[in-house]
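Q: I'd love a close look at one part of this protein, with its surroundings filled in as we go. Could you walk me through it?

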Amino acid sequence: RWHGCHKGTARCFGTVRVGTPQYLLEGRWTPPCCLRALRATARHVARRLEESGVRYWLEGGSLLGAVRLGDIIPWDYDVDMGIYRDDADKCPWLAAVAAGGGRPVEDDQGFVWEKAAEGDFYRVHFSRANRLHVDLWPFYARGGVMTKDTWSGHAQDVEFPERFLLPTVPLEFGGFAVAAPNDARAFLELKFGRGAVENPEYPNPAVLRMGRG
């Protein structure tokens with residue numbers, strides 16, 4: 001169903017609680033306009049990172065969607081990417097956020113970059129009005145293992161060997177090529193468990209499972 005949100009309006013759903021947006025509880029998937037905005041934001045962020053020389057890769061459920069469908073999972077509500085923490089200041093918009101104490105900065109295309117209130121990571125919104133977003137998680141290597149300073153509390157949010165990023169490889173995601181771990185299946189099974197690619201599940205199975213409430 002097309003609700004018609006755009007840069008000048010709010011997104012089509014309210015607060016996400018315990019990893020579950022309201023539309024899932026209503027038996028619906030992400031509105032098509034929201035998916036369109038997420039794709040546009042992800043493409044914009046990926047290109048800006050690439051232009052700036054920031055090493056990045058698709059993370060978490062977003063990587064699951066890319067491997068399964070070549071797109072965002074149809075019930076997802078954001079996009080996750082990892083970046084090398086030491087590269088963040090190469091991106092002028094991330095550098096501007098840091099220089100401004102984390103305050104939001106709007107770029108020349110109307111996307112809004114900011115430091116997330118929940119911890120040491122960044123968030124890029126579709127616009128000031130429309131808060132569909134990409135989360136950028138700063139990782140750093142420690143003894144060949146990628147780690148970070150803020151953890152989401154989700155079971156899949158774990159450290160992983162840096163070899164998955166040496167090198168990254170291109171992967172289709174929502175109509176464009178995005179950087180991804182070089183063995184996406186093994187990476188996802190490390191994070192989500194065996195069979196993660198073949199077994200779709202909603203963000204918080206304790207609240208809502210596939211096929212039943």
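Does glutamate 162 count as buried or exposed? Please start there, and then carry on to what lies around that part of the chain.

A: Happy to, and please keep in mind that this is a predicted model. Glutamate 162 counts as buried, because its relative accessibility is 17% and the cut-off for buried is under 20%. This residue is found in the loop between strand S8 (160-161) and S9. Leaving out residues up to four places away in sequence, glutamate 162 touches Tyr84, Ala141, Gly144, Val145 and Met146. With tyrosine 84 there is also a polar contact, side chain to side chain, at 2.7 Å. As for glycine 19, 143 residues away along the chain, its C-alpha atom is separated from that of glutamate 162 by 27 Å.

Following the chain onward, we come to strand S9 (residues 169-173), which runs antiparallel to S10 and is joined to S10 by five bridges. Within this pair, leucine 171 stands opposite valine 178. The two strands form a hairpin with two residues between them, and glycine 174 in the turn has a positive phi of about 65°. Strand S10 (residues 176-180) is mostly covered, with four of its five residues buried.

Phe173 leads us to the largest nonpolar core, which has 62 residues; Phe173 is among those that touch the most other members, together with Leu49, Val79, Met81, Leu94, Trp113 and Leu136. Helix H2 (residues 32-52) gives the most to this core, contributing nine residues. In general, nonpolar side chains tend to be buried together in soluble globular proteins.

Leu94 is a good residue to follow further. Not counting residues up to four places away in sequence, leucine 94 touches Leu49, Ile83, Ala88, Trp113, Tyr122 and Leu136. It belongs to helix H4 (residues 92-99), where Trp93, Leu94 and Val97 are buried. Seen down the axis of H4, the buried residues fall within an arc of 100°, so they line one face of the helix. Turned away from that buried side is a face carrying the exposed residues Ala98 and Ala99. The cover over the buried residues of H4 includes H2, strand S2 (79-84), strand S4 (112-115) and strand S6 (133-142). Just after H4, glycine 101 takes a positive phi of about 75°.

One annotation to add: UniProt, in an unreviewed entry, places the feature "domain: LicD/FKTN/FKRP nucleotidyltransferase" at residues 50-89. In the model, that span is 32% helix and 22% strand, and its end C-alpha atoms lie 13 Å apart.

Notes
Residues are numbered from 1 along each chain as its sequence is written. This is a predicted model: local features need pLDDT of at least 70, side-chain atom pairs count only at pLDDT 80 or more; totals for chains, interfaces and linings use all residues. Side-chain values use heavy atoms; hydrogens and water are left out. A nonpolar core is a set of buried Ala, Val, Leu, Ile, Met, Phe, Trp, Tyr and Cys residues joined through side-chain atoms within 4.5 Å. Buried means under 20% relative accessible area, exposed over 50%, partly exposed in between (1.4 Å probe, protein chains only). Contact means heavy atoms within 4.5 Å. Two strands pair if DSSP finds at least two bridges between them. UniProt positions are given in the numbering used here, feature names are shortened, and annotations may be inferred rather than shown by experiment. The arc is that of the directions from the helix axis to the C-beta atoms. A polar contact is a pair of N or O atoms within 3.5 Å; within protein, one must be able to donate a hydrogen and the other to accept it, and residues adjacent in sequence count only if both atoms are side-chain atoms.
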